[in-house]
Amino acid sequence: MKQKIDVGIIGGSGLYQIDGVNIIGEIKVKTPWGMPSDAITIADIYGVKAGFLPRHGRGHFILPHEINYRSNIASLKILGADQVIAFSAVGSLKERIKPLDFVIPNQIIDRTKSRISTFFGEGIAAHIAFADPFCNRLHELILVAAQKLNIPIHTNETLICMEGPAFSTRAESHLYRSWQAGVINMSTLPEAKLAREAEMCYAVICMSTDYDCWKEDEEHVTVEMVVNNLNKNAANAKALIKELVPMLTKERDCMCKEAIKYAVITDPKKQNAKQKKKLKTILPQYFS
Ligand SMILES: [Zn+2]
């Protein structure tokens, strides 16, 4: 397929569309793992082609544990993207990370339970390195773009990804704080692992909506307050997309582009042919 996009953007709670940019069209992509959460909006942002995919679907009808993460990542890769900027609404676990602040985490702790977290298996074994789960090159570019826009932003934080859909208990929230984690959400895993397996650069921009339930002196959080914060965060996210995307050059000097080079263990002669065919759609240089 002819390359249609350079960059993938995944929107989370509150961010279901992009606007204020030149929208070229919309495309439905079929992958060997099924259909992604919704049609992908293609936009030209100052010369860089971006594909926008709302993780929960437009209208928010897919829960975090129901998302087909494999088809979401595969669809962006099939369209030609090798970089993904993900957005996610998060709860804050630290006093200094205030509602409406943005966070670029550099670490993650997996508290999910029932999700398919790999493209491999079914006759082809691979183990990717995931010690540093996010692309450091994207991290730096996001920081520059956010600072230009004066968006309050924190770095070097650990993200907890929990199963949900219910929020944490107070005991869990205090436990995560004792681990020095900064923010909590329900959707960055397995998204980040799958992007790494597809050799895509991936970074998540966390948008704080409230303090998780640990903060007992906080005034009672109402749905109205949270929705208000989601909308304000979405406005900042849209401004950030316009600033950041033109900075994402095609040249990648990070290790993300070689994540699979030494990861596949299975003897090529023993690799399952059906699985090879599926993997060829996202990793043609290794499975042809
Ligand atoms: Zn990278």
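**Questions on a predicted model**

Student: Which residues point one way from strand 1, and which point the other way?
Tutor: In this predicted model, strand 1 covers residues 7–11, and 5 of its 5 residues are buried. Both faces of the strand are therefore covered, since a residue is buried if 20 or more other C-beta atoms lie within 10 Å of its own. The residues pointing one way are Val7, Ile9 and Gly11, and those pointing the other way are Gly8 and Ile10.

Student: Which residue of strand 4 is the bridge partner of glycine 8?
Tutor: Strand 1 and strand 4, the latter made of residues 48–54, run parallel and are joined by 5 bridges. Within strand 4, the partner of glycine 8 is glycine 51.

Student: Which residue of strand 5 is the bridge partner of valine 7?
Tutor: Strand 1 also runs parallel to strand 5, which spans residues 83–92, and 4 bridges join the two. For valine 7, the bridge partner in strand 5 is glutamine 83.

Student: Which residues touch the most other members of the largest nonpolar core?
Tutor: The largest nonpolar core holds 81 residues, and two of them, Val84 and Tyr202, touch the most other members. Strand 9, residues 201–211, gives the largest share of this core, with 8 residues. Apart from neighbours within four places in sequence, valine 84 has among its contacts Gly8, Ile10 and also Tyr202. The two residues asked for are Val84 and Tyr202.

Student: Is phenylalanine 87 buried or exposed?
Tutor: Phenylalanine 87 has its place in strand 5, and beyond its neighbours within four places in sequence its contacts include Ile10, Leu15, Ile205 and Ala237. Because phenylalanine 87 has 26 C-beta neighbours inside 10 Å, it counts as buried.

Student: How far apart in space are phenylalanine 87 and alanine 234, C-alpha to C-alpha?
Tutor: Alanine 234 is one of the buried residues of helix 5, and the buried residues of that helix pack against strand 1, strand 5, helix 2 and strand 9. Although phenylalanine 87 and alanine 234 are 147 residues apart in sequence, their C-alpha atoms are separated in space by 9.3 Å.

Student: How far apart are the end C-alpha atoms of helix 5?
Tutor: Helix 5 has 22 residues, from 223 to 244, so at 1.5 Å a residue it should span 32 Å. The distance between its end C-alpha atoms agrees with that expectation, at 30 Å.

Student: Where is proline 190, which is joined to leucine 189 by a cis peptide bond?
Tutor: The cis bond between leucine 189 and proline 190 has an omega of about 5°. Another cis peptide bond joins glycine 164 and proline 165, with omega about 0°, and proline 165 lies in the loop between strand 7 and helix 3. Proline 190, for its part, is in the loop between strand 8 and helix 4.

Student: Is asparagine 150 buried or exposed?
Tutor: Asparagine 150 lies in the loop between helix 2 and strand 7, and its phi is near 60°, a positive value in a residue other than glycine. Since asparagine 150 has 8 C-beta neighbours inside 10 Å, it counts as exposed.

Student: What is the radius of gyration of the chain?
Tutor: The chain contains 6 helices and 9 strands, and its C-alpha trace spans about 60 × 40 × 35 Å along the principal axes. With 288 residues, a compact globule would have a radius of gyration near 19 Å, and the chain agrees with this, having 18 Å.

Technical notes. Residues numbered from 1 in each chain as written. Predicted model: local features only at pLDDT ≥ 70, side-chain atom pairs only at ≥ 80, totals over all residues. Buried ≥ 20, exposed ≤ 12 C-beta atoms within 10 Å, placed from the backbone. Helix = DSSP H or I, 4+ residues; strand = E, 2+ residues; numbered from the N terminus. Pairing = 2+ DSSP bridges. Core = buried A, V, L, I, M, F, W, Y, C linked by C-beta atoms within 7 Å. Contact = placed C-beta atoms within 7 Å. Expected span 1.5 Å × (residues − 1). Rg over C-alpha atoms; globule rule 2.2 N^0.38 Å.
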